[in-house]
Amino acid sequence: IERVLAYSRCTKDGKCGTLIYENDAGAWMMDAVPSTTVTYGKRFLNVLPNCKVTFTASSAYLREQKGKKATMQMGDGGFKLPTMLPIRLGTRLFTGELRNDGTVDAPVKLTIYGTGEMPTIVNHTTGAKVIVNQRIETGARLEINTDPDALSCVLIGPDGEAADAFGYLDADTAISAFVLIPGTNDVEYIPSQTSQGSRVEITWQSMYEGV
């Protein structure tokens, strides 16, 4: 048990191991590593009922094991003349109600797909914004993580090459402030120019103080 839980085995690629707590109501998780050796206690037949392991976690909060995802995009179709019936009209879905079912603020991951625009993403519930001030070329995507413990902004080019892209963001705006507060959040994606490929994907995990 101690060998499996050893720090060198619990960490991979600079990340902690994952501690999962599960009951009939659901499953929650946190990053953690053992902080002491295992205390086995007195053996009872083939059971160690008093076996204890103490963990140190990088966060005080649990997060839901299964996350959520929302997509805001320009719908396909479009109305053009001349045309033939039946027709399919283009649609816009650039706003959404994103819900954090937890008890504390939840950071998000944003994936903005490039179409040559400079979009802004606004949480009208909190007033927080993510402002992109450089054009994201078609075929590229901008990946932003607003978690203060894993803050990042990476541009994935059309060739799949990744590069640091904090320079794409407005320097006066703190991206770590873009979180989902407990309850419903009114979020809007505002493209600088609307195109057929305008799209942003938002993923998050509700955060809990305890379960």
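This passage looks at the main pocket of a predicted model and at some of its salt bridges.

Since the model is predicted, local features need pLDDT of at least 70 and side-chain atom pairs count only at pLDDT 80 or more, while totals for chains, interfaces and linings use all residues. Residues are numbered from 1 along each chain as its sequence is written, and side-chain values use heavy atoms, with hydrogens and water left out.

The largest pocket (an open set of points on a 1 Å grid over the protein atoms alone, where a 1.4 Å probe fits, with protein on both sides within 12 Å along at least five of seven lines) has a volume of about 1000 Å³, taken as the space filled by probe spheres set on the points, which are joined across faces, edges and corners. Its lining (residues with an atom within 4 Å of a point) counts 32 residues, and D31, R63, N145, D147 and A150 sit closest to the centre. Among the strands (DSSP runs of E, at least two residues, numbered from the N terminus), β8 gives the most to the lining, five residues.

Two of those central residues also pair up: D31 and R63 form a salt bridge (a side-chain nitrogen of Lys or Arg within 4 Å of a carboxyl oxygen of Asp or Glu), with the closest N and O atoms 3.1 Å apart. D31 belongs to β2 and R63 to β4, so the pair ties together parts 32 residues apart in sequence. R63 counts as buried (under 20% relative accessible area, 1.4 Å probe, protein chains only) because its relative accessibility is 18%.

In total, there are seven salt bridges.

Methods
Helix = DSSP H or I, 4+ residues; strand = E, 2+ residues; numbered from the N terminus. Buried < 20%, exposed > 50% of the residue type's maximum accessible area, 1.4 Å probe, protein only.
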